[in-house]
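Colleague: Got a minute to walk me through this one? I'd like to go over the packing and then a few odd spots.

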Amino acid sequence: MMFPALFGNAMAEKVLLYIANYGEGYINKIAKTYGVSPSQVQKQLKRLEAGGILVSRLMGNLRVFTLNPRFALKAELLALLERELELLPKEATQKLFRERTRPRRTGKEL
Amino acid sequence: MKIDQTITLEDLAGLVAEHLRHEGIESTLVGRAVVWLYAKNDYPSKDLDFISPNDHAAIIQAMAKIGFKPEGKDFVHKDCPWTVEFPTGPLAIGNENPVKAEGSFSTKTGVVQLFSPTQCVMDRLAWFYHNNDRQCLDQALAVAAAHPIKLEKIKQWSAREGRSEKYEQFLRKLKILKA
């Protein structure tokens, strides 16, 4: 990632980029994407939620995090993250930020 | 043209569409294959999806004549690298349905009815708008960069989908791509 100092640390930046890109995220999925431990991700998600930047809701057993719609700088933060996503190398974009999220019939090859 | 391992996706689409037409069956190609025909991009299609209003039994019979057998939801051909599927219709773009496909694409083997480039962009954007699918945003941008499209039509449709904000995101990326 490119601007860890701006976001406090590299993991916080990764978490925010993930959520800006996919619209939402949960601990294990974010951790798997970056190949890090769930506890590292959880720590940052909690910190960002406590700071009012993220909000979460339960879906079954999953706690899903999104950007806080009431965060005063949400639009500006999203624009910044979106711009950073555009500046990433193509390989990183394809590897980390292009997972298919639209529906796919069960059994059909991805 | 013979169906074998060397047939291109494009020629297979033309061959199947032309054959179905000959058999009195309407078909419209949808999905990623349409993007692939309009703009060979980073997301090659692995199959052909056709929407047809005709009876499925008639489709099975027609497909058998060119060597495709039903296997689950797919039609497979022993010598063909791609499968063919007929998802349930009607044709839709985002929340709007039914929609009439306004495009056609000529191949060496026949003419394929499909979404116009503008409709194709809207179809891909729908998945970005409603499912946050970035692959589809890439695909919409690839088609929009390769073909003249009606941006005002896409803008109005985006507003009807309640996603004007995401349309602006698409537009900004398109401008960067074209610069």
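Modeller: Sure, let's go through it by topic, and keep in mind that this is a predicted model.

Colleague: Start with the big core. Which residues in the largest nonpolar core touch the most other members?

Modeller: That core has 52 residues, and the ones touching the most other members are B:Ala13, B:Leu29, B:Val34, B:Leu48, B:Val121 and B:Ala140. Helix 4 of chain B, residues 117–131, gives the most to this core, with eight residues.

Colleague: And where does this core lie relative to the domains of chain B?

Modeller: Between them, because domain 1 (9–114) and domain 2 (117–178) of chain B both give residues to it.

Colleague: Pick one of those residues for me. What does B:Leu48 touch?

Modeller: Leaving out residues up to four places away in sequence, B:Leu48 touches B:Leu12, B:Ala13, B:Val16, B:Leu29, B:Ala33, B:Trp82 and B:Val84. There's also another core, apart from the largest one, with 20 residues. Among them are A:Leu16, A:Ile30, A:Leu54 and A:Phe65.

Colleague: Back to the two domains of chain B. How many Å separate their centres?

Modeller: Taken over C-alpha atoms, the centres of domain 1 and domain 2 of chain B are 23 Å apart. Their contact takes 13 residues from domain 1 of chain B and 17 residues from domain 2 of chain B.

Colleague: What gives the largest share of the domain 1 side of chain B?

Modeller: Helix 2 of chain B, residues 32–38, with three residues. By class, the domain 1 side that touches domain 2 of chain B has seven nonpolar, four polar and two charged residues.

Colleague: Now the contact between the chains. How many residues does it take from chain A and from chain B?

Modeller: Twelve residues from chain A and eleven residues from chain B. The side of chain A that touches chain B has two nonpolar, four polar and six charged residues.

Colleague: Staying with chain A, how do the axes of helix 2 and helix 5 cross?

Modeller: The axes of helix 2 (residues 10–22) and helix 5 (residues 74–87) of chain A come within 9 Å and cross at roughly 95°. Angles from 65 to 115 degrees count as roughly perpendicular, so that is how helix 2 of chain A sits to helix 5 of chain A.

Colleague: Which residues meet there?

Modeller: From helix 2 of chain A you have A:Leu16, A:Leu17, A:Ala20 and A:Asn21, and they meet A:Leu78, A:Leu81, A:Glu82, A:Glu84 and A:Leu85 in helix 5 of chain A. The residues of that contact divide into six nonpolar, one polar and two charged.

Colleague: Okay, single residues. Is B:Gly14 buried or exposed?

Modeller: B:Gly14 has 23 other C-beta atoms within 10 Å, and 20 or more makes a residue buried, so B:Gly14 is buried. B:Gly14 sits in helix 1 of chain B, residues 9–22.

Colleague: What does B:Gly14 touch along the chain?

Modeller: Not counting residues up to four places away in sequence, B:Gly14 touches B:Thr107, B:Lys108, B:Thr109, B:Gly110, B:Val111 and B:Val112. B:Ser106 is 92 residues away along the chain, yet the C-alpha atoms of B:Gly14 and B:Ser106 are separated by 7.3 Å.

Colleague: And A:Gln40?

Modeller: A:Gln40 is in helix 4 of chain A, residues 38–50. With 18 other C-beta atoms within 10 Å, A:Gln40 is partly exposed. A:Gln40 and A:Ile27 are 13 residues apart in sequence and 9.1 Å apart in space, C-alpha to C-alpha.

Colleague: Now the odd backbone spots. What is the peptide bond from B:Gly89 to B:Pro90?

Modeller: That peptide bond is cis, with omega near 0°. Another cis peptide bond joins B:Asn97 and B:Pro98, where omega is about -5°. B:Pro90 lies in the loop between strand 5 (83–85) and strand 6 (103–107) of chain B, and B:Pro98 lies in the loop between strand 5 and strand 6 of chain B too.

Colleague: Why flag those?

Modeller: Because most peptide bonds are trans. For phi, most residues other than glycine have a negative value.

Colleague: So what is phi of B:Asn132?

Modeller: Near 55°, a positive value in a residue other than glycine. B:Asn132 is in the loop between helix 4 and helix 5 (134–146) of chain B, and with 17 C-beta neighbours inside 10 Å, B:Asn132 counts as partly exposed.

Methods
Residues are numbered from 1 along each chain as its sequence is written. Chains are lettered from A and ligands numbered from 1 in the order in which they are written. This is a predicted model: local features need pLDDT of at least 70, side-chain atom pairs count only at pLDDT 80 or more; totals for chains, interfaces and linings use all residues. A nonpolar core is a set of buried Ala, Val, Leu, Ile, Met, Phe, Trp, Tyr and Cys residues joined through C-beta atoms within 7 Å. A residue is buried if 20 or more other C-beta atoms lie within 10 Å of its own, exposed if 12 or fewer, and partly exposed in between; C-beta atoms are placed from the backbone. Helices (H or I, at least four residues) and strands (E, at least two) are DSSP runs, numbered from the N terminus. Domain bounds come from an automatic or database domain assignment. Two residues are in contact if their C-beta atoms, placed from the backbone, lie within 7 Å. Ala, Val, Leu, Ile, Met, Phe, Trp, Tyr, Cys and Pro count as nonpolar, Asp, Glu, Lys and Arg as charged, and the others, Gly among them, as polar. Axes are lines fitted to C-alpha atoms, for helices over the stretch in contact, and angles run from 0 to 180 degrees between N-to-C directions. Angles under 35 degrees count as roughly parallel, over 145 as roughly antiparallel, 65 to 115 as roughly perpendicular and the rest as oblique.
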